[in-house]
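Trainee: I have a model open and would like to learn how to read it. Could you walk me through its features, starting with one residue and working outwards?

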Amino acid sequence: MAESTLQPPVALTTADGQPLKTSLARVERRARIRAFALVVPLLIFLCITFLFPIGQMLFRSIHDPLVVDLLPNTIAALKDWDGTDIPGEPVFAALAEDMKKGREDRSIGKVATRLNFEQSGVRSVITRTARRVAKLEEGPYKEAFLDANKAWGEVETWATIKRLGNRFNTVQYLASVDRRFDTEGNVVMQPEDRQIYVPIFGRTLWMSLLVTACCLLLGFPISYMLATQPLRISNLLMIMVLLPFWTSLLVRTTSWIVILQSEGVLNDILVWTGIVGEDGRVQLIYNQTGTVIAMTQILLPFMVLPLYSVMKTISPSYMRAAQSLGAPRFQAFWKVYAPNTLPGVGAGSLLVFILAIGYYITPALVGGRTGQMISNFIAHHMQSSLNWGLAAALGGILLIGVLLLYWLYNKLVGVERLSLG
């Protein structure tokens, strides 16, 4: 029998003689480069408008060069100070020199303001002392400082100056959680009358969760009705859901002020129907109640749309099949229909919660004293107190908290199960 000879496989080539595998790799590489080039403008836009501002905020929360730049001699003289007693004459002389220079270039007020954020009352101490020191031609300065104000005889004042003598520190983050350094460098709680931010963070988290729960309770039946009604009716209802998007957020918020105030529409209806008396009008505005009501109405479409997009894809035959097998209607809904809506529930809840936790306009207008959220305090430090470092630290903690909640959601539920339609 003749032996069969095996022929080596013939390499596939293109018309110009190039190996087919090499040619395909080159084409795929060009396609990836072309696709990346199309996305580059969007990446640049996101970096400029999103990533860069966040990076600047996080950097500003730990970068604190004001005291180092404006009191260089004092910071250098305090390096060897042990912190057990007030420093000696050389430190007072260095501070006097910095104060004289600060008076000349009018920067002493900036230093006084920054130190006042850490120790209340220091601003007036520094400005008054600077005026007196400017008249002195020579030392000794220690006695002059102690005569000018008794605060210069306290270790806490000098410990505050030395603590801010580092360009990078965590002072603002400690202040954001109602902590501070004591004279010995230990982290301690702020005095009770200055503990502000931890309760505000707790209130922000509670109100955001409450708004999310209210939106889910109201949005689920609305979405179910939209998904199960005939197209003509569901389109009309969808227009009503989307109608708030065509109205200014400020207009909607001020409308709630008109509705919820003591002499407003809702209280007038309650009095007219006899539910409450004229002297028993309900206080629904400038508190947490008004904030939750207004935010729920404003954020409700962000819950309805993801739920509707998921419910629309659930076949009605699932419910009919469950009922045909003997399941009551509610049990069929709970065991068959509801589990299929979880991707929409997760997406809507996550979207509403993230929007609610950083809301500003609505709590500012209808929140009053008890309805303010952490975003209102961030805006206060940005616009009024000008303590941008503390505002950045509060924003950083808020960002980290949202990322942690997002990570927890991913661990418990899975981000891949989210569905936005």
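Mentor: Gladly! Keep in mind that this is a predicted model. Let's start with Arg 106, which is exposed because its relative accessibility is 75%, and the cut-off for that class is over 50%.

Trainee: Where does Arg 106 lie?

Mentor: Arg 106 sits in the loop that joins helix H4 (89-104) to H5.

Trainee: What should I look for in its backbone?

Mentor: Start with the general idea: most residues other than glycine have a negative phi. Here, Arg 106 has a positive phi, near 60 degrees. Leu 386 is another non-glycine residue with a positive phi, again near 60 degrees.

Trainee: Is Leu 386 buried or exposed?

Mentor: Leu 386 is exposed, since its relative accessible area is 54%. You will find Leu 386 in the loop between H19 and H20. Remember that residue, as we will meet it again in a pocket lining.

Trainee: Let's go there now. Which residues of the second largest pocket lie nearest its centre?

Mentor: Leu 386 is one of them, together with Arg 60, Leu 66, Trp 388 and Gly 389. In total, 17 residues line this second largest pocket, and its volume is about 460 Å³. Helix H1 (20-62), H5 and helix H20 (388-412) each give two or more residues to that lining. H5 gives the most, with four residues.

Trainee: How do I describe the chemistry of a lining?

Mentor: Sort its residues by class. For the second largest pocket, the lining has six nonpolar, seven polar and four charged residues. You can also sort by domain: domain 2 (67-167) and domain 3 (199-417) each supply at least three residues to this lining.

Trainee: And what is the volume of the largest pocket?

Mentor: The largest pocket has a volume of about 540 Å³. Its lining counts 26 residues, and those nearest the centre are Phe 117, Glu 118, Gln 190, Arg 194 and Tyr 197. The elements with two or more residues in this lining are helix H5 (108-118), helix H8 (155-163), helix H9 (171-176), strand S1 (179-181) and helix H19 (374-383). By class, the lining of the largest pocket holds nine nonpolar, 10 polar and seven charged residues.

Trainee: Why does the largest pocket lie between domain 2 and domain 3?

Mentor: The largest pocket lies between them because both domain 2 and domain 3 give residues to its lining.

Trainee: As a biochemist I always ask about cysteines. How many disulfides does the structure hold?

Mentor: The structure holds zero disulfides. The idea is to check sulfur distances: a pair counts as a disulfide within 2.5 Å. For Cys 214, the nearest cysteine sulfur belongs to Cys 215 and is 7.1 Å away. Accessibility is worth checking too: Cys 214 is partly exposed at 24% relative accessibility, and Cys 47 is partly exposed at 37%.

Trainee: Now the whole chain, please. How do I judge its overall shape?

Mentor: Compare the radius of gyration with that expected for a compact globule. For 421 residues the globule would be near 22 Å, but this protein has 32 Å. The C-alpha trace spans about 110 × 100 × 35 Å along its principal axes. Of the residues, 36% count as buried.

Trainee: Which domains does the domain assignment give?

Mentor: The assignment gives domain 1 (20-53), domain 2 (67-167) and domain 3 (199-417). The C-alpha centres of domain 2 and domain 3 are 51 Å apart. As for secondary structure, the protein has 20 helices and two strands.

Methods
Residues numbered from 1 in each chain as written. Predicted model: local features only at pLDDT ≥ 70, side-chain atom pairs only at ≥ 80, totals over all residues. Heavy atoms only, no water. 1 Å grid on protein atoms, 1.4 Å probe; cavity = no way out; pocket = protein on both sides within 12 Å on 5 of 7 lines; lining within 4 Å. Points joined across faces, edges and corners; volume = space filled by probe spheres on them. Nonpolar A, V, L, I, M, F, W, Y, C, P; charged D, E, K, R; others polar. Domains from an automatic or database assignment. Buried < 20%, exposed > 50% of the residue type's maximum accessible area, 1.4 Å probe, protein only. Rg over C-alpha atoms; globule rule 2.2 N^0.38 Å.
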